[in-house]
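Thanks for asking me to look this one over. Here are my notes, written with the bench in mind.

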Amino acid sequence: MPIRQLDRAAIRREARELIRTARVSPIKFTLLFLAVSLALSLLDTALTSLTGRIVGVAFVSVSFASILIGLITQVLDAGYKCYCLGVHRREEMPYESLFDGFTFAGKVIALYIVEGFFVALWSMLFVIPGIIAVYRYSFAIWNLCQNPELGVMEALNRSKRQTIGYKGQLFGLHLSFIGWYLIVFVIVGVYEGVILALMPDSFLGIMLGSLILTVLTGVVDIYLTPYFALSECGFYLRATAPEEPPRQYPAPRPPDAPKPRTLPLLGGSLADLLPKSFGELETEDIILLLILYLMYRESGDSELLIIMGAMFLL
């Protein structure tokens, strides 16, 4: 698929228009999403504050409950993305669609774990490869929300193909929201510098402080959340939309090329795992290969080179 230069201003303009014209108001839908998230956050804060005071089975139970809350939050986020996809399709998405992610919750959780594992592996090669990996797999959750029948690895592999040539553009779209995040940063700074100092050092103080911070940031989030999500959804839909194929003219059939020899590997071939040519490699992939080579030159450890090279296949 040819790489297109996407208009970030048009994407954001469409998101603002959808906020005004959607059949189910994104502001009200986001208010529901933030309210549920606040309840889960307060519960998680309460459980976290108890972990230092309990031991044994109770500690394990509280830790498990805290992890479960985090996974439920990821499923709710998938439901919010399903809502955004429906809004872009000009469909009427009821408030119950926030919980659509629970219909394929197992895949959402598995994707969250596998993607986090891959990003962590890339992050071992310093910060920049980790950031590249985040953007490489950024379309995976959108793929899964658009087609829940997909498998986790298929959603990730599609994202790898779909983001070729679009990682920098997506980063530019995210960077265009920096003004909004500076406002949130100032609010958090005021909270930590002024309000937090006035809170009592107790369970009630922790809960009250968490509630105040959520309310303060929620004033911005209630508009920023749908604005950002609808913009990212619009970018995803534009980047993955098929272009109208150009008119084809008959051409003479070239002679059949000899089939290259392949090495058997678990029933397939080693060539299936590698790019057909260096021309198919992205710029960041070439940079990562150079980093791997330099690390090998510095360490002289051939086993390290093999391990890092295997990571490249991710």
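The points below go from the overall fold to the core, the cysteines, the charged pairs and the surface.

1. **Overall picture.** Please keep in mind that this is a predicted model. The protein has 12 helices and two strands. Reading from the N terminus, ten helices come before the two strands, and two more helices follow them. Of its 314 residues, 38% count as buried. The protein exposes about 18700 Å², and carbon and sulfur atoms supply 67% of that area.

2. **Contacts along the chain.** How far apart in sequence are the residues that touch? Among contacts between residues at least 6 apart in sequence, 75% join residues at least 24 apart.

3. **The nonpolar core.** In soluble globular proteins, nonpolar side chains tend to be buried together. Here the largest nonpolar core has 61 residues, and C84 and F235 are the ones that touch the most other members. Helix α3 supplies the largest share of this core, with 11 residues. Leaving aside residues up to four places away in sequence, F235 touches L6, I11, F139, Y166, Q169, L170 and L173.

4. **Cysteines.** How many disulfides does a search of the whole structure find? The count is zero. C82 is in no disulfide, and its nearest cysteine sulfur, that of C145, is 3.9 Å away; the cut-off used for a disulfide is 2.5 Å between the sulfur atoms. C82 counts as buried because its relative accessibility is 8%. C84, with 1% relative accessibility, also counts as buried. Why is C84 not bonded to C233? The sulfur of C233 is the closest cysteine sulfur to that of C84, but at 5.7 Å it is too far for a bond.

5. **A salt bridge across the chain.** Side chains of opposite charge can pair when their charged atoms come close. A search of the whole structure finds seven salt bridges. One of them joins the side chains of E14 and R90, at 3.8 Å from N to O. This pair links distant parts of the chain: E14 sits in helix α1 (residues 8–21), R90 sits in the loop between α3 (57–88) and α4 (105–123), and the two are 76 residues apart. R90 counts as partly exposed, since its relative accessibility is 48%.

6. **A pair beside it in sequence.** The side chains of E91 and R89 also meet in a salt bridge, with an N to O distance of 3.0 Å. Both ends are open to some degree: E91 counts as partly exposed at 36% relative accessibility, and R89 counts as partly exposed at 43%.

7. **A pair within one helix.** E154 forms a salt bridge with R158, where the closest N and O atoms are 3.0 Å apart. Both residues lie in helix α7 (residues 152–162), four residues apart, or about one turn of the helix. E154 is partly exposed, with a relative accessible area of 32%, and R158 is partly exposed, at 30%. Elsewhere, salt bridges that share partners join E14, R90 and R238 into one network.

8. **A nonpolar patch outside.** Which residues form a nonpolar patch on the surface? They are F185, V186, V190, V194 and L198, with about 530 Å² of accessible area together. F185 lies in helix α9 (residues 178–198). Is F185 buried or exposed? F185 counts as exposed because its relative accessibility is 62%, and the cut-off for exposed is over 50%.

How values were computed
Residues numbered from 1 in each chain as written. Predicted model: local features only at pLDDT ≥ 70, side-chain atom pairs only at ≥ 80, totals over all residues. Heavy atoms only, no water. Patch = residues over 30% accessible without salt bridge, like charges linked within 9 Å, V, L, I, M, F, W, Y side chains within 5 Å. Areas by Shrake-Rupley, 256 points an atom, 1.4 Å probe, with all protein chains shown as cover. Salt bridge = Lys/Arg side-chain N within 4 Å of Asp/Glu carboxyl O. Buried < 20%, exposed > 50% of the residue type's maximum accessible area, 1.4 Å probe, protein only. Core = buried A, V, L, I, M, F, W, Y, C linked by side-chain atoms within 4.5 Å. Contact = heavy atoms within 4.5 Å.
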